[in-house]
Amino acid sequence: MIGSGRFSARLVVPGDGPPVEHGVVAVDDGIITEVFAGPDTAATPLGNVILLPGLVNAHTHLEFSTSTTPLPAENGMAAWIGDVVSARHHHADRTDPIRRGLDELVAAGTSAAGEIATSDWPASQLTDTDPTCVVFREIIGLRSDRRGDGLATAQDFLAADSTPQCLRGLSPHAPYSVHPDLFIDLVRLAASHDVPLATHLAESPDELELLDSGEGPMRERLQQLGAWENSAIPHGTRPLDYLRPLSELSHPLVIHGNLLEEEELAWLGQHRHVAVVFCPRTHSHFGHPPHPWPRLLDAGTPVALGTDGRVSNPDLSLWNELQFLARRTHARPAEELLAMATSTAATALGLERRLGTLRPGKEATSLGVTLPPGSPMTLMAILKSGRPAGVLRQGNWYPA
Ligand SMILES: [Zn+2]
């Protein structure tokens with residue numbers, strides 16, 4: 001149901017300009033027509049609510065949404081991957097976890113999500129109140145004999161129609177699980193269709209060891225899974241080798257990038273359409289060294305936030321993710337943190353014309369939060385202590 005009307009709030013934070021006290025958001029047919037300072041007695045009063053741009057979760061895996069707790073990660077990425085593969089086999093029916101994940105995204109006030117899909121995705125089951133989904137078909141295949149199948153799966157996925165609510169992209173999973181030649185095939189395919197591409201990169205020491213020497217726990221894990229091929233990855237390979245091909249894409253997303261090194265940070269600073277997705281609570285769950293997101297931002301690299309999936313995070317709330325980051329971050333402006341969860345994430349997913357800020361012409365999609373009594377009305381206080389109060393979605397207000 002697409003709505004029209006005017007909504008007045010205690011504060012409207014458009015995300016690309018100064019906050020508007022007693023602001024009014026005017027909506028026609030689900031699209032914002034105006035944001036102005038009230039009072040407007042004819043508007044629907046939302047009370048003490050602060051309206052923020054709708055949250056965009058740049059990275060998640062909904063297929064794990066029935067997991068109740070994250071899988072232990074203290075033994076490293078290779079061990080964790082083994083547990084994830086077992087968890088996947090216990091959930092042969094993908095539909096239920098994805099539906100549950102979508103419900104959780106809705107409940108968390110999510111406007112859009114970058115979702116990684118390992119099978120056909122139930123696009124036709126999306127309802128009006130579900131978030132806009134950019135669905136990245138995950139492709140895996142390190143062995144050269146998997147190259148043809150991997151490419152064919154990607155081609156079939158992109159051949160199906162996108163809809164405004166379900167757009168399609170590709171995700172060559174990671175350097176340790178995709179043959180370098182297949183990786184290039186998939187980048188070229190994404191470029192020819194002009195769709196976003198997301199790849200996990202520079203995520204763990206196990207990955208870097210495998211790329212450099214072909215040894216270590218990741219190799220053992222891949223051998224166990226029957227997925228290893230000795231000559232697939234040349235020794236001395238680095239994440240930079242996977243970054244370079246991304247420059248030809250319009251919307252490339254580097255997922256995690258926890259262990260990006262100097263040369264890679266510099267390369268990203270020179271290719272500012274390549275976004276890095278930081279998943280703060282997943283990062284913390286693995287106990288990785290500090291993420292380079294402040295340096296990336298300083299170099300002009302777009303950094304978006306994601307929750308990742310429930311096998312590495314307790315929930316799919318991007319608000320919780322943003323709050324987790326805001327409460328641990330000092331000396332960064334609140335506007336920068338908000339952008340990571342809204343406008344930057346929207347741009348990374350190719351949704352910048354529709355979402356990310358509260359501006360005329362964009363979709364009337366917004367998260368409403370309230371502050372505890374006595375809190376200062378600053379954006380940092382809002383991010384640190386605000387509580388979701390409802391969502392404006394396509395011009396309709398849904399209280400939390
Ligand atoms: Zn992921």
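In the predicted model, helix 5 and helix 6 are roughly perpendicular to each other, because their axes cross at roughly 85 degrees. Helix 5 spans residues 205-213 and helix 6 spans residues 217-224, and the two axes come within 7 Å. The contact is formed by Asp 206, Glu 207, Glu 209 and Leu 210 of helix 5, which meet Pro 217, Met 218, Arg 219 and Leu 222 of helix 6. By class, this contact comprises 4 nonpolar and 4 charged residues, with no polar residues.

A zinc ion is bound through protein donors at three histidines, namely the NE2 atoms of His 59, His 61 and His 200, at 2.0 to 2.2 Å from the ion. The spacing of these donor residues in sequence is H-x1-H-x138-H. His 59 and His 61 are both buried.

Helix 11, residues 318-328, is mostly covered, with 8 of its 11 residues buried. The buried set consists of Leu 318, Trp 319, Glu 321, Leu 322, Gln 323, Phe 324, Leu 325 and Ala 326. At the N-terminal end of helix 11, Ser 317 acts as a cap, placing a side-chain oxygen 3.3 Å from the backbone nitrogen of Trp 319. The capping residue Ser 317 is also among the contacts of Arg 281, a residue of helix 9 (residues 280-286). Arg 281 has a relative accessibility of 11% and therefore counts as buried, the cut-off being under 20%. Beyond its neighbours within four places in sequence, Arg 281 is in contact with Ser 312, Asn 313, Pro 314, Asp 315, Ser 317, Asn 320, Glu 321 and Phe 324. Of these contacts, Glu 321 and Phe 324 are buried residues of helix 11.

Helix 12, residues 334-341, is largely enclosed by the rest of the structure, because 6 of its 8 residues are buried. These residues are Ala 334, Leu 337, Leu 338, Ala 339, Met 340 and Ala 341.

Ile 140 lies in the loop that runs between strand 10 (132-139) and helix 3 (147-159). With a relative accessible area of 34%, Ile 140 is partly exposed. When residues up to four places away in sequence are not counted, Ile 140 touches Arg 146, His 173, Ser 177 and Val 178. The C-alpha atom of Ile 140 is separated by 9.1 Å from that of Thr 118, a residue 22 residues apart from it along the chain.

Terms used:
Residues are numbered from 1 along each chain as its sequence is written. This is a predicted model: local features need pLDDT of at least 70, side-chain atom pairs count only at pLDDT 80 or more; totals for chains, interfaces and linings use all residues. Side-chain values use heavy atoms; hydrogens and water are left out. Buried means under 20% relative accessible area, exposed over 50%, partly exposed in between (1.4 Å probe, protein chains only). Helices (H or I, at least four residues) and strands (E, at least two) are DSSP runs, numbered from the N terminus. A polar contact is a pair of N or O atoms within 3.5 Å; within protein, one must be able to donate a hydrogen and the other to accept it, and residues adjacent in sequence count only if both atoms are side-chain atoms. Donors are N, O and S atoms within 2.8 Å of the metal (3.2 Å for Na, K and Ca); water is not among the atoms, so sites may look incomplete. Axes are lines fitted to C-alpha atoms, for helices over the stretch in contact, and angles run from 0 to 180 degrees between N-to-C directions. Angles under 35 degrees count as roughly parallel, over 145 as roughly antiparallel, 65 to 115 as roughly perpendicular and the rest as oblique. Contact means heavy atoms within 4.5 Å. Ala, Val, Leu, Ile, Met, Phe, Trp, Tyr, Cys and Pro count as nonpolar, Asp, Glu, Lys and Arg as charged, and the others, Gly among them, as polar.
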